[in-house]
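Q: Could you take me on a close look at a single helix in this protein? I am just starting out, so please explain the terms as you go.

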Amino acid sequence: MTIESGGYSKAGSSADAQGLMQVTPPTAKDIAAKYLKKPASSYDLMDPRTSVEFGSAYLAYLRKNFGSYKQGPSWNETVELIAAGYNGGPGAALALKQGRVLMIRKQ
């Protein structure tokens, strides 16, 4: 949260990420439908409670899909994969896991 928004609940980005956890509307729609304990059809990403709930649910999804106890004595690989997925989507995490180089386009 500190990295994403600096703790500012009304933070926004040029990629339209919103709130404390900097979730984009398309990602929020997926989170609301698939990753919450109780699906939501209405939500406010600028609400701190909602932002943390959505961000945490998405991190849990990424951890489930990209984490593994077989990654050795440390969880560094898991942390990197989850961070890549949170910042660039599951495709970014998958590319990193497969050892592909990602070209990041600056806007």
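**A close look at helix α2**

A: Let's begin with the whole chain: the protein chain exposes about 7,400 Å², and carbon and sulfur atoms supply 55% of that area (accessible areas come from the Shrake-Rupley method with a 1.4 Å probe; for residues, only the protein chains shown count as cover). Keep in mind that this is a predicted model, in which local features need pLDDT of at least 70, side-chain atom pairs count only at pLDDT 80 or more, and totals for chains, interfaces and linings use all residues. Residues are numbered from 1 along each chain as its sequence is written, and side-chain values use heavy atoms, leaving out hydrogens and water.

The chain has five helices and zero strands (DSSP runs numbered from the N terminus: helices are H or I with at least four residues, strands E with at least two). Of its 107 residues, 33% count as buried (buried means under 20% relative accessible area, exposed over 50%, partly exposed in between, with a 1.4 Å probe and protein chains only).

Now for α2, which spans residues 25–35 and has Ala28, Ile31 and Ala32 as its buried residues. These residues lie on the same side of α2 because they cover an arc of only 95° around the axis (the arc is that of the directions from the helix axis to the C-beta atoms). The buried residues of α2 pack against α3, residues 48–66 (contact means heavy atoms within 4.5 Å). Turn to the face pointing away from the buried side of α2, and you find the exposed residues Pro26, Lys29, Ala33 and Lys34.
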